[in-house]
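Subject: Structure for your review

Dear colleague,

Please find below the sequence and the structure that I agreed to pass on to you. My findings follow directly after them.

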Amino acid sequence: MLFGQGVVDALKYSQQDIRGTARYMGMAGAFGALGGDITTLSQNPAGIGVYRNSDIAATIDLSNQVSSVNTAGVKSTDNKFNFSCNNFGFVWTVRFNQEALKNLNFGFAYNKQKSFDRTYKTAYSGITGASSLSGYIAKLSEGYTADNLGYSDNSSYDPYDQNPWLNVLGYQSYLINPKSTASNTWGSIVGNGSTATGDLYVREKGSIDEYNFNIGGNIYNVFYWGIGLTVTDFSYDVQSGYGENFTNGYLPDANGIMGSPNANGWYLMQNMLHTNGSGFKANLGVILRATNNFRLGFAFHTPNYYKMTDTYSASVKYDFTQGSTSYNDLAETPSGSYSYEFQAPWRMIASAAYVFGQGGILSFDYEYTASNGMSFDDPYTIDMFYNTNQEISEMVSPMHTFKVGGEFRITPQFSARLGYAYQTSPVKSEYRSGHEIPTAGTLTQFTLDRATNYFTVGLGYRFSNVYVDLAYMHRYRRSELFPFSPIPSTGENPFNPDEVEPSLAITPQISTLTDHNNSFVLTMGVKF
């Protein structure tokens, strides 16, 4: 693929967060067996059946995203503030007052499921050929010739139409050079004897927005059911820059092949990617009031079927000096776009709650996300994403989310809430270092998330038919940050790869990215 999608893209597209009303967030989202809250329309649609009155509510969120990167003991921190309306909706109740069917409810809810808004940066020192982006590109270019990656005298030939963009851009900007005439092996501008430092900067924006349309009912005040259709809008933007300053680098000689290490200079690779798309899925759920105090819930979400479009471009600005010769220019890719389909994972939610009369609530949720079942598809080609989908099934694990939340009614009108949630990593641990992680296009940096922890607290006040809720949520997660993927050498026994542990041919400096997100949430609503 000249520009396509990889495992890290699938992980990004399928992310879920705990967002919704302040009451929902104050209890860490442990609402699957409770219902009666606008956010349950996107979690367990049977929650709409619990309503006995119509309801309308809106939620505003002030978030502070703190991203810190630690590279070899050197720490860089960035802060982003974001103010948004992350949830609103209404439920309309039709009362039948019959013995069996008590009411039928219709609802709509908007929920910002995920925000991608963050900035992070880091610096690298002691870069060698094996830990340089140019070395990574040289390794990926093995098997290509200069004629493949360069412009031909034949004006109809465009290497960007025929070969991977990263390889072509690397050659056009002198980051890689052939080792000999007509050779299909490459050397990087940072090689043996070179010294270099580097910098990485990443700015991400965008969100996953859900629009839920639900219907549900109440049977005998014992069994509550709900069916929902969810339409999803996806938007993601990333701008990144990776650069290196080097001495004793390798530029081409008079024959156009890699020369002696006598060049100094710097380069900066910049990437722009915009992804937008829309998807749909169906949700089914039930809640059983087993006793007056004990409730059970279950919900199933079908896979989310997306149609996506990527728009992308990249460039390398470089300034090199080799003796009296200067190389100073800008190499740019064309602007490209590509449309494809993506299937996000299905989810299952099992819940239990205990209601202590008028005193409070204790609730538990378990959520299973079949992340290893994600897949890409291009309806106009055959097996376009076969390798990528195989890599997803090999590298990605199902995700498990555990939520516990409690509410204590201090007075009939005033309540306090507390919650905690834990979400496992979707990436198998053995892929966090040493294994190659295939990436697509010219965007080489990526993160592999570890487990996510949520700590929540909230307050609520009811007066007449109006309610006001406040919540604070702290989300904490650590990730491995790669400027590009490791690549093992091919020195292992080809008939028994497990016999000898292969050494690494490309060894990027792996950083630790720590995200702290602090959200302050206010919900106001009225029931009628």
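I begin with Phe342. Apart from neighbours within four places in sequence, this residue is in contact with Ala10, Tyr13, Asn304, Tyr305, Tyr306, Met308, Met374, Ser375 and Phe376. Please keep in mind that the model is a predicted one.

Phe342 also belongs to the largest nonpolar core, which has 70 residues; Phe342, Tyr267 and Phe320 are those with the most contacts inside it. Strand E11 supplies the largest share of this core, namely seven residues. There is also a second, separate core of 17 residues, including Ile18, Tyr24, Tyr454 and Val521.

Aromatic rings come next. The model contains 39 aromatic pairs. In one of them, Phe234 and Tyr306 meet edge-to-face, with 6.2 Å from centre to centre and 75° between the planes. This pair joins distant parts of the chain, since Phe234 is in strand E8 and Tyr306 in strand E11, 72 residues apart. Phe234 has a relative accessible area of 2% and is therefore buried; Tyr306, at 5%, is buried as well.

The pair of Tyr366 and Phe402 is tilted, because the ring centres are 5.4 Å apart and the planes stand at 40°. Tyr366 lies in strand E15 and Phe402 in strand E17, 36 residues apart. Tyr366 is partly exposed at 26% relative accessible area, and Phe402 is partly exposed at 41%.

Phe342, Phe234 and Tyr306 appear together in one aromatic cluster, among whose members are also Tyr13, Phe116 and Phe385. Elsewhere, Lys527 lies over the face of Tyr467, 5.9 Å from the ring centre.

Finally, I turn to the charged side chains, for which the count is 22 salt bridges. One of these joins Asp209 and Lys112, whose closest N and O atoms are 3.4 Å apart. Asp209 is in strand E7 and Lys112 in strand E3, so this salt bridge ties together parts 97 residues apart in sequence. Both Asp209 and Lys112 are buried.

Asp515 and Arg118 form another salt bridge, with 2.5 Å between the closest N and O atoms. Because Asp515 lies in strand E23 and Arg118 in strand E4, the pair ties together parts that are 397 residues apart in sequence. Asp515 counts as buried at 2% relative accessibility, as does Arg118 at 10%.

Which residues are linked in a network of salt bridges? They are Arg23, Glu407, Arg409, Arg417, Arg462 and Asp469.

With kind regards

Note on methods. Residues are numbered from 1 along each chain as its sequence is written. This is a predicted model: local features need pLDDT of at least 70, side-chain atom pairs count only at pLDDT 80 or more; totals for chains, interfaces and linings use all residues. Side-chain values use heavy atoms; hydrogens and water are left out. Rings of Phe, Tyr and Trp (its six-membered ring) pair if their centres lie within 6.5 Å; planes under 30 degrees apart count as stacked, over 60 as edge-to-face and the rest as tilted. Helices (H or I, at least four residues) and strands (E, at least two) are DSSP runs, numbered from the N terminus. Buried means under 20% relative accessible area, exposed over 50%, partly exposed in between (1.4 Å probe, protein chains only). A charge sits over a ring if NZ of Lys or CZ of Arg is within 6 Å of the ring centre and within 35 degrees of the ring normal. A nonpolar core is a set of buried Ala, Val, Leu, Ile, Met, Phe, Trp, Tyr and Cys residues joined through side-chain atoms within 4.5 Å. Contact means heavy atoms within 4.5 Å. A salt bridge is a side-chain nitrogen of Lys or Arg within 4 Å of a carboxyl oxygen of Asp or Glu.
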